[in-house]
Amino acid sequence: MLQTQRNLAEIAELIKTGHLIHTGLLHILPSEINSKDSELALTGNKIALLTGDFLLVKANGILANIRCPHVSGLVSSALRDLTEGEFIGERNPQNIAIPSKPVGEKVTLTFNISEDVKIGNLLGPDRIFKPLDTSDCIGNPIREWTMRNILGGGSLLGKGCESALHMAGHEQDLSSQGYMLGCHMALIRQATTDITTITYPTYSTFSLVSAPVLFALHHDPSIYDLVKDGLNDLDLVDFDRVRAAVKEGPALEN
């Protein structure tokens, strides 16, 4: 393994960790701003924000030392993808992601990862600079899940794999396959985590944009009635009913 490839792995880890720290900031509602607890939360948020910034600055410094413009462009676009992933779809006042309302009727549940991973103009020779297009994803639950998780980490892993192959001197065609491999690995890992939170009763709550929930919405859009209350307050969602509805359908099997 080249030293630059080791550096690339460190860059990816720093970026992902910094992003997780930033997304873990506590959301403070306007009605809570002057409370004692909000002062502690604000202090914690400031520390977390600076810590995340430090890790991202460190990653950029290592990236600059690699001295490879193509790799710099790929990694920079992956960082942009992480940011864009936080601004797609619905979010409630607590800044928690909520599924978009399905636009279609009940359909057969199918998922072709090799095709759906290409959504949103995330692939192609101009993917570094081309603006993100969510028009074919929002309202289509399976594609929405795919897009959320490619932007939320799959792109970083995929472009890291592509960069590693590029630095090893491989042709662009093989490097692009490395990107697809990274995206597949990220989606598989996320799907496994999502399924665990649904199937194990120790989890009283779970993400409403997890794979089982969105796959169930794709199969039966009426399930949206069980999660739409989360647009106002996540505490209004009956997670037991949502879990039961998901288990009744084919989402977990597919």
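Author: Welcome! Let us start with a term: buried means under 20% relative accessible area, exposed means over 50%, and partly exposed lies in between, using a 1.4 Å probe and protein chains only. This is a predicted model, where local features need pLDDT of at least 70, side-chain atom pairs count only at pLDDT 80 or more, and totals for chains, interfaces and linings use all residues. Residues are numbered from 1 along each chain as its sequence is written, and side-chain values use heavy atoms, with hydrogens and water left out.

Reader: Thanks! What makes S163 count as buried or exposed?

Author: S163 has 0% relative accessibility. Buried means under 20%, so S163 is buried.

Reader: Where does S163 lie, and which residues does S163 touch?

Author: S163 lies in helix α5, residues 141–167. Helices here are DSSP runs of H or I with at least four residues, strands are runs of E with at least two, and both are numbered from the N terminus. Leaving aside residues up to four places away in sequence, S163 touches L8, V71, L74 and V75; contact means heavy atoms within 4.5 Å.

Reader: Which residues of α3 are buried?

Author: They are V71, L74, V75, S77, A78, D81 and L82. These residues cover an arc of only 160° around the axis, so they sit on the same side of α3. The arc is that of the directions from the helix axis to the C-beta atoms.

Reader: How do you know that the span of α3 agrees with its 16 residues?

Author: The expected span of a helix is 1.5 Å times one less than its number of residues. For α3, residues 69–84, that should give 22 Å, and the end C-alpha atoms are 22 Å apart, so the two agree.

Reader: Why is R67 called exposed?

Author: R67 has a relative accessible area of 72%. The cut-off for exposed is over 50%, so R67 is exposed. R67 is found in the loop between α2 (36–66) and α3, and its phi is near 60°, a positive value in a residue other than glycine.

Reader: And what makes N95 partly exposed?

Author: N95 has a relative accessible area of 43%, and partly exposed is the class between buried and exposed, so the name fits N95. N95 is in the loop between β1 (90–91) and β2 (97–98). Its phi is positive too, about 65°, although N95 is not a glycine.

Reader: How many disulfides does the structure hold?

Author: Zero. A disulfide is a pair of cysteine sulfur atoms within 2.5 Å. For C161, the closest cysteine sulfur is in C183, 8.8 Å away, so that is too far for a bond. C161 is partly exposed at 21% relative accessibility, whereas C68 is buried at 16%.

Reader: How many aromatic pairs does a search of the whole structure find?

Author: Two. W145 and F215 form an edge-to-face pair, 5.8 Å centre to centre with 90° between the planes. Rings of Phe, Tyr and Trp (its six-membered ring) pair if their centres lie within 6.5 Å; planes under 30 degrees apart count as stacked, over 60 as edge-to-face and the rest as tilted. W145 is in helix α5 and F215 in helix α7 (residues 211–219), 70 residues apart, so the pair links distant parts of the chain. W145 is buried at 2% relative accessibility, and F215 is buried at 5%.

Reader: What makes F206 and F239 an edge-to-face pair?

Author: F206 and F239 are 5.1 Å apart centre to centre, with 85° between the planes. Both values meet the cut-offs for an edge-to-face pair. Both residues, F206 and F239, are buried.
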